[in-house]
Amino acid sequence: MAAVGPLRGRMADRGGSDRLVLVCGAVFSAGLLALALLPGSLWWLAVPLALAVGVFGSPANQIVRALWPRLTFGAERNAIYAAEATTQELLFVFSPVLTAGVVAFAGPRWALGLLSVLALAGAVGFAHSLRRAGVTGPDPEQRDSDSARPRPAGVCCARGRCASCCSCRCC
């Protein structure tokens with residue numbers, strides 16, 4: 001299982017991020033569904049199953065963060081990063097509350113089933129969006145710049161930003 005993390009990183013960097021999201025979403029969703037349907041007498045299997053399922057959490061956040069430099073520039077990019085961070089914090093706050101509400105009103109099995117459906121729907125929707133946007137492969141500019149020699153600090157790149165800037169990510 002330890003090799004899955006680096007493998008996912010290589011797969012996302014080299015292309016096929018839509019397939020990676022779909023595979024992780026399908027395995028994660030199936031694992032949540034298996035946890036929901038696990039008989040009470042086999043409760044001890046929940047721990048290793050949950051650990052295995054957790055390895056396949058969607059890499060959507062990492063993929064999106066890697067896409068922003070390809071899609072936005074300057075102040076627009078900073079605003080997008082701020083909006084994304086705010087949205088993520090709101091999800092961290094409200095998701096447990098909503099999940100607890102489902103557990104309280106319908107039970108834990110229904111909550112896991114709902115999370116399974118939402119995980120699969122989110123993965124399919126995100127993969128579809130990546131395909132429609134045409135950003136499933138590696139960044140062509142990044143591929144070209146990987147073979148180039150690094151610029152000395154203070155030298156501007158083609159986009160007019162300083163190579164010594166920590167936030168531009170274009171150099």
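This is a short tour of a predicted model, moving from the whole chain to its core and then to a patch on its surface.

Begin with the whole chain selected and shown as a cartoon, where you will find seven helices and zero strands, so that the order of elements from the N terminus reads α-α-α-α-α-α-α. Of the 171 residues, 23% count as buried, and the accessible surface of the chain comes to about 11100 Å², with 68% of that area belonging to carbon and sulfur atoms. Among the contacts with a separation of 6 or more, 62% are between residues 24 or more positions apart.

Next, select Val21, Ile63, Val64, Leu67, Trp68, Tyr81, Ala123, Phe126, Leu130 and Val135, and show their side chains, since these ten residues make up the largest nonpolar core. Two elements, α4 (60-71) and α6 (108-133), each give two or more residues to this core, and α4 gives the most, with four. In soluble globular proteins, nonpolar side chains tend to be buried together.

Stay in the core and centre the view on Val135, which touches Ser17, Leu67, Arg70, Leu71 and Leu130 when residues up to four places away in sequence are not counted.

Finally, turn to the surface and select Leu42, Trp43, Trp44 and Leu45, which form a nonpolar patch with about 430 Å² of accessible area together. Within this selection, pick out Trp44, which is found in the loop between α2 (17-37) and α3 (46-55). Trp44 counts as partly exposed because its relative accessibility is 49%, a value between the cut-offs of 20% for buried and 50% for exposed.

Definitions and conventions. Residues are numbered from 1 along each chain as its sequence is written. This is a predicted model: local features need pLDDT of at least 70, side-chain atom pairs count only at pLDDT 80 or more; totals for chains, interfaces and linings use all residues. Side-chain values use heavy atoms; hydrogens and water are left out. A nonpolar core is a set of buried Ala, Val, Leu, Ile, Met, Phe, Trp, Tyr and Cys residues joined through side-chain atoms within 4.5 Å. Buried means under 20% relative accessible area, exposed over 50%, partly exposed in between (1.4 Å probe, protein chains only). Contact means heavy atoms within 4.5 Å. Patches are made of residues with over 30% relative accessible area and no salt bridge: like charges are joined within 9 Å, nonpolar side chains (Val, Leu, Ile, Met, Phe, Trp, Tyr) within 5 Å. Accessible areas come from the Shrake-Rupley method with a 1.4 Å probe; for residues, only the protein chains shown count as cover. A salt bridge is a side-chain nitrogen of Lys or Arg within 4 Å of a carboxyl oxygen of Asp or Glu.
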